[in-house]
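Let's take a friendly walk through a protein model, one feature at a time. Keep the structure open beside you as you read.

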Amino acid sequence: MTKSQMNVAILISGRGSNMLALAKAIADPDYPAQVVGVISDQTDAKGLTLAAELNIPTIAIARSNFSSKAEHEAAIQKQLEMWKAEIVCLAGYMRIFSADFIENWPARFINIHPSLLPKFKGLDTHQRVLNAGDPEHGTTVHYVTAGMDEGPVIAQARVTVEADDTVETLTNRVLVEEHKLYPMALRKLIDAFLAKQ
Ligand code: GRF
């Protein structure tokens, strides 16, 4: 039988608005995926509650429960395998994975970052864009590789920086674009996988 859907797991650390955007898009019967579960490294992540409200399986896997990064990552990997995840989406997940973990997911591990990569890797991107006086800002969906925010770009969305923008107005405008871009970019990836089988 030809496979028509892929199993997607989403990793979060907080608010979970991108997770929600992905889950809502994927809930469309025409979207070639299902969300098999949401993992958070923070037990109190708001996104866990949002996912549970959509009847998506959730689990908190806190770093503090493990004596090493490798053991924490092994627990995450085990959970992903139990859910039979085929693609892993980071959505505001605030830890860096080891090269060993990343190798488990060749071309199946993606992230959304709030800047036009390769510009502004790392944190506080909106403030740094304002400080730099850039006329343009945006967001990037990219493959996760061992270098932080360095993997190949899958898709980007741009916003114009206005003269009166603050971190808050810019954050909100970029988020609106993220919520459209991430489901679109994931779909592009899945369509390419399904076309190859
Ligand atoms: C987003 O801006 C995303 O690009 C970045 O972290 C933020 C997460 O927001 N990686 P949310 O938790 O999805 O609302």
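## Helix α1 against helix α6

In this predicted model, helix α1 (residues 17-26) and helix α6 (residues 167-196) have axes that come within 9 Å and cross at roughly 45°. Angles of 35 to 65 degrees count as oblique, so α1 is oblique to α6. The crossing of α1 past α6 is right-handed.

Which residues of the two helices meet? On the α1 side they are S17, N18, A21, L22, A25 and I26, and on the α6 side L175, E178, H179, Y182, P183 and L186. Sorted by class, this contact of α1 with α6 holds eight nonpolar residues, three polar ones and one charged one.

## Helix α5 against helix α6

Two packed helices are described by the angle between their axes and the distance between the axes. You can try that description on a second pair: α5 and α6 pack at an angle of about 120°, and their axes are 9 Å apart. Here, too, you will find a right-handed crossing, that of α5 and α6.

From α5, the residues making the contact are H126, Q127, V129 and L130, while α6 brings V167, L170, T171 and V174. By class, the contact of α5 with α6 has five nonpolar and three polar residues, with no charged residues.

## The largest pocket

How much space lies in the largest pocket? The volume is about 800 Å³. The largest pocket is lined by 35 residues, and those closest to its centre are G92, M94, I112, H113 and P114.

Several elements help to build this lining: α1, β5 (109-113), α5 (125-132) and α6 each supply at least two residues. The largest share comes from α6, with four residues. So you can look for α6 both in its packing with α1 and in the lining of the largest pocket. By class, the lining of the largest pocket divides into 16 nonpolar, 14 polar and five charged residues.

## Two backbone details

Now zoom in on the backbone. The peptide bond from L117 to P118 is cis, with omega near 15°. To find P118, look in the loop between β5 and α5.

The other detail is at A107, in the loop between α4 (99-102) and β5. A107 is not a glycine, yet it has a positive phi of about 60°.

Note on methods
Residues numbered from 1 in each chain as written. Predicted model: local features only at pLDDT ≥ 70, side-chain atom pairs only at ≥ 80, totals over all residues. Heavy atoms only, no water. Axes fitted to C-alpha atoms, helices over the stretch in contact; angles between N-to-C directions. Parallel < 35°, antiparallel > 145°, perpendicular 65-115°, else oblique. Left-handed = near helix turned anticlockwise from the far one by under 90°. Contact = heavy atoms within 4.5 Å. Nonpolar A, V, L, I, M, F, W, Y, C, P; charged D, E, K, R; others polar. 1 Å grid on protein atoms, 1.4 Å probe; cavity = no way out; pocket = protein on both sides within 12 Å on 5 of 7 lines; lining within 4 Å. Points joined across faces, edges and corners; volume = space filled by probe spheres on them.
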